[in-house]
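Here's a quick briefing on a single chain, from its overall layout down to its packing. Have a look at the model first.

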Amino acid sequence: MVPEIDVVSFKKRLDARAEGKDDFFVLDVRNPNEQQIALVPGTDKLIPVSELAARIEEIKSQIDKEILVYCRSGGRSGMACGILDQAGFKSYKNVAGGTLAYSDLVDPNMQKY
């Protein structure tokens, strides 16, 4: 079972981080064209889930931080959490519902696709 965070809690943590009160890393595992449609403010890195295992070194410096992973609906980010686990990351959460839930519950101006 992959640990999850709901989008409302995710937004609260993003706000706290912007104020210097929290520290974590936000990973978007969608494709670049999807990020052009809808982007969660505060995203640190985009690596498509299909490339994550091969590009894991790009985020190894974040291994001691909690990684919050999102995609469009939560499926790919769940798979990405498995890849992080296999690569030795200990603290990660899937953002449940992805950008679709973020649009529904946090930012209705975020475009859905």
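The notes below cover the fold, the nonpolar cores and the surface.

This is a predicted model, with local features needing pLDDT of at least 70 and side-chain atom pairs counting only at pLDDT 80 or more, while totals for chains, interfaces and linings use all residues. Residues are numbered from 1 along each chain as its sequence is written, and side-chain values use heavy atoms, leaving out hydrogens and water.

**Fold**
- Five helices and five strands make up the chain's elements (DSSP runs: H or I of at least four residues for helices, E of at least two for strands, numbered from the N terminus).
- Starting at the N terminus, they run β-α-β-α-β-α-β-α-β-α.
- The C-alpha trace spans about 35 × 30 × 25 Å along its principal axes.

**Cores**
- The largest nonpolar core (buried Ala, Val, Leu, Ile, Met, Phe, Trp, Tyr and Cys joined through side-chain atoms within 4.5 Å) has 17 residues, and Leu-27, Leu-52 and Ile-59 are among those with the most contacts inside it.
- β2 (25-28), α3 (49-55), β4 (67-70) and α4 (75-86) each bring at least two residues to this core, with α4 giving the most, at four.
- Beyond its neighbours within four places in sequence, Leu-27 is in contact (heavy atoms within 4.5 Å) with residues including Lys-45, Ile-47 and Leu-68.
- A second, separate core holds 14 residues, including Val-7, Phe-24, Tyr-70 and Tyr-102.

**Burial**
- Of the 113 residues, 43% count as buried (under 20% relative accessible area, with exposed over 50% and partly exposed in between, using a 1.4 Å probe and protein chains only).
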